[in-house]
Amino acid sequence: MPRTWDSLITVLSEITRENCVALACCPHCGNRHTYIKWGFYSRYLFNDELINIQRFRCDNDLCPQKTFSILPHALLPIIRASLCMLMHVLTMYEQGETIAKIVRHTDSNWPRMQRWIKKALSIRDWFRQEYDIRSFPCLSPGKFWAPFTRDFTWAFYPERFR
Ligand SMILES: [Zn+2]
């Protein structure tokens, strides 16, 4: 694996591990007080290590969702690539690199790279419509990450809402 991609993966995985939070706020109703820990589910980091993601149950009767979890930046819902990784791949593609070269650069395979490029294009289009492009959350996630991942799930995986 080329070193730039390799170090991106390592750094992103470390950042994600450090961003796991114990305290939360329900992203659906804003409830900060009446929720309880409600098990875990596992996600792969970008370097293929597994981590546990805390799930919470929101006890606000008016909340539209029963459970929620707060994904640590830089994990995205469902997809096993970060925004940085997707945009990195998209940039290579738009600079005219062949899929074969991108596959080698990322130590990946054709079907995955085709999926990622397609996904990266639709994420960028969606992002430009929804947000100020200068605040792309990969660069300064902060408090923006929880509402961002909630909006992202609504936009791209409405049927798989967690
Ligand atoms: Zn709630």
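Helices here are DSSP runs of H or I at least four residues long, numbered from the N terminus. By that count, Ile 123 lies in helix 4, a stop later on this tour. The model is predicted.

**Whole chain**

Start with everything shown as a cartoon. Count five helices and three strands. Trace the chain from the N terminus: the order is α-β-β-β-α-α-α-α. Now turn the C-alpha trace along its principal axes. The atoms fill a box of roughly 50 × 35 × 25 Å. The radius of gyration is 17 Å, which agrees with the value near 15 Å for a compact globule of 162 residues. Colour by burial, and 23% of the 162 residues count as buried. Contacts reach far along the sequence too. Of those between residues at least 6 apart, 59% join residues at least 24 apart.

**Helix 2 against helix 4**

Select residues 83-94, helix 2, and residues 110-130, helix 4. How do the two axes meet? They come within 9 Å and cross at roughly 100°. Angles of 65 to 115 degrees count as roughly perpendicular, so helix 2 is roughly perpendicular to helix 4.

Show side chains at the crossing. From helix 2, pick Leu 86, Met 87, Val 89, Leu 90 and Tyr 93. They meet Met 113, Trp 116, Ile 117, Lys 119, Ala 120, Leu 121 and Ile 123 of helix 4. Sorted by type, the residues of this contact are eleven nonpolar, no polar and one charged.

Zoom in on Leu 86. Beyond its neighbours within four places in sequence, Leu 86 is in contact with Ala 81, Trp 116, Lys 119, Ala 120 and Ile 123.

**The cores**

Stay with Leu 86 and add Phe 46, Met 85, Val 89 and Trp 116. These five have the most contacts inside the largest nonpolar core, which has 21 residues. Which helices supply at least two residues each? Helix 1 (3-18), helix 2, helix 4 and helix 5 (145-156) do.

Next, select Cys 26, Tyr 35, Phe 56 and Phe 68. They are among the five residues of another core, which lies apart from the largest one.

**Ile 123**

Return to helix 4, where Ile 123 lies. Is Ile 123 buried or partly exposed? A residue needs 20 or more other C-beta atoms within 10 Å to be buried. Ile 123 has 19, so it counts as partly exposed. Now draw a distance from its C-alpha atom to that of Ala 155. The two residues are 32 apart along the chain, and the separation is 9.2 Å.

**Backbone stops in the loops**

Go to the loop between strand 3 (67-69) and helix 2, and select Ala 74. Look at the peptide bond from His 73 to Ala 74. That bond is cis, with omega near 20°.

Move to Asp 48, in the loop between strand 1 (35-44) and strand 2 (50-58). Its phi is near 75°, a positive value in a residue other than glycine. Asp 48 counts as exposed because it has 9 C-beta neighbours inside 10 Å.

Finish at Asp 107, in the loop between helix 3 (99-105) and helix 4. Asp 107 is not a glycine, yet its phi is positive, about 50°. With 11 other C-beta atoms within 10 Å, Asp 107 is exposed.

Note on methods:
Residues numbered from 1 in each chain as written. Predicted model: local features only at pLDDT ≥ 70, side-chain atom pairs only at ≥ 80, totals over all residues. Rg over C-alpha atoms; globule rule 2.2 N^0.38 Å. Buried ≥ 20, exposed ≤ 12 C-beta atoms within 10 Å, placed from the backbone. Contact = placed C-beta atoms within 7 Å. Axes fitted to C-alpha atoms, helices over the stretch in contact; angles between N-to-C directions. Parallel < 35°, antiparallel > 145°, perpendicular 65-115°, else oblique. Nonpolar A, V, L, I, M, F, W, Y, C, P; charged D, E, K, R; others polar. Core = buried A, V, L, I, M, F, W, Y, C linked by C-beta atoms within 7 Å.
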